[in-house]
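Biologist: I've got a model open and a few labels puzzle me. Can you walk me through them?

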Amino acid sequence: MRMRIGVYAVALASLLGLGACTTNPTTGRSQFNALSVQEEVAIGTQGKPEMIREYGGEVARADLRQYVAEVGMRLVETTAADDPALLELPWEFTLLNSDVVNAFALPGGKVFMSRGLAQMMTNEAQLAGVLGHEIGHVTARHVNDRYARQMGAQLGVGLLGVLLGGTAGGGDLANIAGNVAQISLVSYDRSQEIESDALGMRYMARAGYNPAGQKQVMQILAGLAKDQQRNDIMSTHPHPEERIEVIERALQTEYASTQGNAEFILGEDRFRQRFLSKLTLAYPDAGASRLARSRDELGPIGACSFVYGHAIGYGCTCKTCGH
Ligand SMILES: [Zn+2]
């Protein structure tokens, strides 16, 4: 039944001139364009300041922000091999000054990573893994797909109403428009996560990073998931165990030639010298990540340092004290 409603909805949406299907050169998948690229860019550009506010601003040091942007842009340059038009997106990489462990992207090229996540990493390939994954959500246009699905469902309900002789939900379309920013921040589904991991590894290898960094970062997150009942990155990026398996398979097959190959770097020294040492110096009391990393040293989490909430951070609640 669901499928049929979807089919009707897409047909109706096409009739209304809301979009058309095109093949995404990055993924090779045919996509219903619920959002135009211009709309995606507008959503990202308008949403960026709000995201920065929600997460307590950017990390103050320009050199640290610049380092993240540099790694991000190195990956972005490799997206052109699939689709040169991707270079025209207004890409921006924002290092949020937040202990929350999270990374996310808005459509149209705005990528965000929290300081809390950055401080859990040990090399540049892991950073490239996170940024590459988020770039993948943008290039695969996952928000568009989610939006199309939601729009399809809403239109389907309206159309079903017509078919059943009821009233069509004429106001629904207008309502959906207001929800796009939120759709982009709720949990991606399993297939989208796995596709973004794969795209991240593709960009990493092209840029000369060891794609094993993607597996390492996933292991860090899986360890965190065990420790914490819930945290932001698990609410926006679920299924770490399954993702690790898929990444491992790719490392043994598609990327076998990159393993034990000095051309594909992890970049430990560079990451420590240019980024992590300075970040740790600037934020010595960074709560969640330090606690998670130094569990044995510091004992169990006893401080009100780890916040979690739903994806955009409204109503954050401390796991320990409930505030
Ligand atoms: Zn993701």
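Modeller: Sure, and keep in mind that this model is predicted. Let's start with Pro 90, which sits in the loop between helix H3 (62-78) and strand E3 (92-96).

Biologist: What makes Pro 90 buried or exposed?

Modeller: Count the other C-beta atoms within 10 Å: Pro 90 has 11. A residue with 12 or fewer is called exposed, so Pro 90 is exposed.

Biologist: Which residues is Pro 90 in contact with, leaving aside neighbours within four places in sequence?

Modeller: Val 41, Thr 45, Gly 108 and Gly 109. Contact here means C-beta atoms within 7 Å. Also, the C-alpha atoms of Pro 90 and Lys 110 are 7.6 Å apart, though 20 residues separate the two along the chain.

Biologist: Back to H3: how do you know that its length fits a helix?

Modeller: H3 has 17 residues, and at 1.5 Å a residue you'd expect 24 Å. From first C-alpha to last, H3 reaches 25 Å, which is close to that.

Biologist: Which residues of H3 are buried, and what covers them?

Modeller: The buried ones are Leu 64, Tyr 67, Val 68, Val 71, Gly 72, Leu 75 and Val 76. Their cover includes E3, strand E5 (110-114), H5, helix H9 (190-206) and helix H13 (268-282). Residues three or four places apart on an α-helix point the same way, because there are 3.6 residues a turn.

Biologist: What makes Phe 112 stand out in the largest nonpolar core?

Modeller: That core has 58 residues, and Phe 112, Met 113, Ala 128 and Leu 131 touch the most other members. Helix H5 (residues 124-139) gives the most to this core, with seven residues.

Methods. Residues are numbered from 1 along each chain as its sequence is written. This is a predicted model: local features need pLDDT of at least 70, side-chain atom pairs count only at pLDDT 80 or more; totals for chains, interfaces and linings use all residues. Helices (H or I, at least four residues) and strands (E, at least two) are DSSP runs, numbered from the N terminus. A residue is buried if 20 or more other C-beta atoms lie within 10 Å of its own, exposed if 12 or fewer, and partly exposed in between; C-beta atoms are placed from the backbone. Two residues are in contact if their C-beta atoms, placed from the backbone, lie within 7 Å. A nonpolar core is a set of buried Ala, Val, Leu, Ile, Met, Phe, Trp, Tyr and Cys residues joined through C-beta atoms within 7 Å. The expected span of a helix is 1.5 Å times one less than its number of residues.
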